[in-house]
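Subject: Structure handover and notes

Hello,

Here is the structure for you to look over. My notes follow below it.

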Amino acid sequence: AARQISSEADPVVVAATRLRTGEPSTIDVSWASNGRLVTGTVPDVFGDAVVRAEFSRMSPRFRLRAWVQLLALTLTDPTRDWTAVTIGRGRDDASVSRLGPIPAEVAAQELGFLIDLRARGLREALPLAAKTSFEYARARGKGESTRTARVEAEKAWTGSRQVPGENAAWPNPLVWGDNSPFDVPVDAAAA
């Protein structure tokens with residue numbers, strides 16, 4: 001079991017070692033918009049990059065965290081060309097996600113959107129499923145049509161006989177109903 005775990009972790013360790021040069025630092029971030037203040041800290045900063053390594057498989061959750069950290073760093077010090085790198089397990093090797101740099105104006109718009117989205121999420125269920133949304137975005141990012149991207153997203157939502165879809169993952173059954181079809185959250189998003 002130890003050899004199995006080591007063989008899965010080694011590619012992540014090798015990739016992280018290459019990208020984590022110098023001493024790590026933690027950056028305090030602070031940004032205000034529309035009467036709301038965003039503060040916190042971003043750990044694992046090496047130079048102008050936040051570099052996070054995860055033993056788990058790369059997931060949309062890790063990419064989203066990296067995106068938020070990139071936005072916060074960019075707005076805290078827009079004079080630097082910040083990037084966010086996330087390393088996770090891939091199929092045969094490490095999977096590496098790189099984001100940035102981005103202009104401060106884009107960071108302000110995106111972080112403002114996320115702040116508003118959070119406020120909405122505290123009031124109501126958001127029609128947003130991370131894996132399903134990621135599959136749609138991945139297909140569109142590869143140049144696929146909206147129709148093809150929708151098919152990929154629907155597969156992630158409904159799953160298969162062997163692998164349950166995101167519609168079965170908590171809290172989706174509570175919010176959208178047991179085994180809800182793909183159109184239920186899509187229609188809610190359009191409303």
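Which residue of strand 2 does Ser25 stand opposite? The partner of Ser25 is Val45. Before the rest, two remarks on the basis of these notes. This is a predicted model, in which local features need pLDDT of at least 70 and side-chain atom pairs count only at pLDDT 80 or more, while totals for chains, interfaces and linings use all residues. Residues are numbered from 1 along each chain as its sequence is written, and side-chain values use heavy atoms, with hydrogens and water left out.

Overall layout

The chain holds 7 helices and 5 strands. Helices (H or I, at least four residues) and strands (E, at least two) are DSSP runs, numbered from the N terminus. In sequence order the pattern is α-β-β-β-α-β-β-α-α-α-α-α. The C-alpha trace spans about 50 × 50 × 30 Å along its principal axes.

The sheet

The strands make an open sheet of 5 with the order 1-2-3-4-5 and mixed pairing; two strands pair if DSSP finds at least two bridges between them. Strand 1 and strand 5 (94–99) are the edge strands, each with a single partner strand, so one side of each has no neighbour in the sheet. From one strand to the next the twist averages 35°. Axes here are lines fitted to C-alpha atoms, for helices over the stretch in contact, and angles run from 0 to 180 degrees between N-to-C directions.

Strand 1 (residues 25–33) pairs with strand 2 (residues 36–46) in the antiparallel sense, over 8 bridges. Besides the pair at Ser25, Ala32 has Leu37 of strand 2 as its bridge partner. The two strands form a hairpin with 2 residues between them, and Asn34 in that turn has a positive phi of about 50°.

Strand 2 also runs antiparallel to strand 3 (residues 49–57), joined to it by 2 bridges. Val45 has Val50 of strand 3 as its bridge partner, and Phe46 has Ala49. Val45 therefore turns up twice in these notes, opposite Ser25 and bridged to Val50. Strand 2 and strand 3 form a hairpin too, with 2 residues between them; Gly47 in the turn has a positive phi of about 65°.

Helix 1 (residues 2–19) lies across strand 2, strand 3, strand 4 (83–89) and strand 5, and runs at about 165° to strand 4.Helix packing

Helix 2 (residues 60–76) packs on helix 3 (residues 104–123) at an angle of about 125°, with the axes 9 Å apart. That angle makes helix 2 oblique to helix 3; angles under 35 degrees count as roughly parallel, over 145 as roughly antiparallel, 65 to 115 as roughly perpendicular and the rest as oblique. The crossing is left-handed, a term used if the near helix is turned anticlockwise from the far one by less than a right angle, with right-handed used if clockwise. Helix 2 contributes Trp67, Val68, Leu71, Thr74 and Leu75 to the contact, and helix 3 contributes Ala104, Ala107, Ala108, Glu110, Leu111 and Leu114. Contact means heavy atoms within 4.5 Å. By class, this contact has 9 nonpolar, 1 polar and 1 charged residues. Ala, Val, Leu, Ile, Met, Phe, Trp, Tyr, Cys and Pro count as nonpolar, Asp, Glu, Lys and Arg as charged, and the others, Gly among them, as polar.

The axes of helix 4 (residues 130–141) and helix 5 come within 8 Å and cross at roughly 155°, which makes helix 4 roughly antiparallel to helix 5. Helix 4 passes helix 5 in a right-handed crossing. On the helix 4 side the contact residues are Lys131, Thr132, Glu135, Tyr136, Ala139 and Arg140; on the helix 5 side they are Thr146, Ala149, Arg150, Glu152, Ala153, Ala156 and Trp157. By class, there are 6 nonpolar, 2 polar and 5 charged residues in the contact of helix 4 with helix 5.

Salt bridges and backbone

The count comes to 11 salt bridges, each a side-chain nitrogen of Lys or Arg within 4 Å of a carboxyl oxygen of Asp or Glu. One of them joins Arg20 to Asp44, with the closest N and O atoms 3.6 Å apart. This pair links distant parts of the chain, since Arg20 is in the loop between helix 1 and strand 1 and Asp44 is in strand 2, 24 residues apart.

Most residues other than glycine have a negative phi, and most peptide bonds are trans. Asp44 has a positive phi, near 60°. A cis peptide bond joins Gly100 and Pro101, with omega about -5°; Pro101 is in the loop between strand 5 and helix 3. The peptide bond from Trp170 to Pro171 is also cis, with omega near 0°. Pro171 is in the loop between helix 5 (146–158) and helix 6 (172–176).

Regards
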